[in-house]
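Subject: Structure for you to look at

Dear colleague,

I am handing over the structure we spoke about, with its sequence. Please open it first and then read the notes below alongside it.

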Amino acid sequence: MTRLLIVDDERDIRYLYAAELEDEGYEVETAGNGTDAAELLKNHPFDLVILDIQMKGESGLQLLQKIVKERTDLPVILCTAFSCYKEDFSSWLADGYIVKSSDLTELKKEVARVLKKKHN
């Protein structure tokens, strides 16, 4: 089963994304900050990370840089409320970029696209 890690400091967002993606057939873990996410990444295999950018403590862009450095095979989708980060060079390290929405259709499509690309 494909395993996803959702990293977002908003609990309601984590629960919403987890529920929707589990309904799509994915196994989902969540983390509320970069420290917890790093611990999960160290101890568990994942196929994809969905990562918020603006979080308390370590930003998603900082965590993205660590993931790219330590786990070159692990794709990351940035999912943020702000489209302005798309122009930040650090965000270009990600495999996908989604602006948060209450309609999760785009997120689901991006997850499927990135996972398909990874397996080809």
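What follows is a description of the sheet, the helices that pack on it and the nonpolar cores. Please keep in mind that this is a predicted model.

I would begin with the sheet, which is open and built from five strands in the order β2-β1-β3-β4-β5, with parallel pairing. The edges are held by β2 and β5 (96-99), each of which has a single partner strand, so one side of each is left without a neighbour in the sheet. Direction ignored, neighbouring strands are turned by 20 degrees against each other on average. Within the sheet, β3 and β4 pair in the parallel sense over three bridges, and Ile50 has Ile77 in β4 as its bridge partner.

Helix α1 packs on this sheet, where it touches β1, β2, β3 and β4, and its direction makes about 170 degrees with that of β2. The helix comprises the 13 residues 11-23, which at 1.5 Å a residue should span 18 Å, and this agrees with its end C-alpha atoms, which are 18 Å apart. Its buried residues are Ile13, Arg14, Tyr17, Ala18 and Leu21, and because they cover an arc of only 125 degrees around the axis, they lie on the same side of α1. This is easier to picture if one recalls that an α-helix has 3.6 residues a turn, so residues three or four places apart point the same way. The cover over the buried residues of α1 includes β1, β2 (27-31), β3, β4 and α4 (105-119), whereas the face turned away from the buried side carries the exposed residues Asp12, Tyr15 and Asp23. Just after α1, Gly25 takes a positive phi of about 100 degrees.

Another helix to look at is α4, which lies across β1, β3, β4 and β5 and runs at about 175 degrees to β5.

Turning to the interior, the largest nonpolar core has 20 residues, and those with the most contacts inside it are Leu5, Val7, Val49, Leu51 and Leu78. Two or more residues of this core come from each of β1 (3-7), α2 (34-43), β3 (48-51), α3 (60-70) and β4 (76-80), with α3 giving the largest share, four residues. A second, separate core has 18 residues, among them Ile13, Ile50, Val114 and Leu115. As for Leu5, its contacts beyond the neighbours within four places in sequence include Ala37, Leu40, Leu41, Phe46 and Val49.

With best wishes

Technical notes: Residues numbered from 1 in each chain as written. Predicted model: local features only at pLDDT ≥ 70, side-chain atom pairs only at ≥ 80, totals over all residues. Heavy atoms only, no water. Core = buried A, V, L, I, M, F, W, Y, C linked by side-chain atoms within 4.5 Å. Buried < 20%, exposed > 50% of the residue type's maximum accessible area, 1.4 Å probe, protein only. Contact = heavy atoms within 4.5 Å. Expected span 1.5 Å × (residues − 1). Arc of directions from axis to C-beta. Pairing = 2+ DSSP bridges. Axes fitted to C-alpha atoms, helices over the stretch in contact; angles between N-to-C directions.
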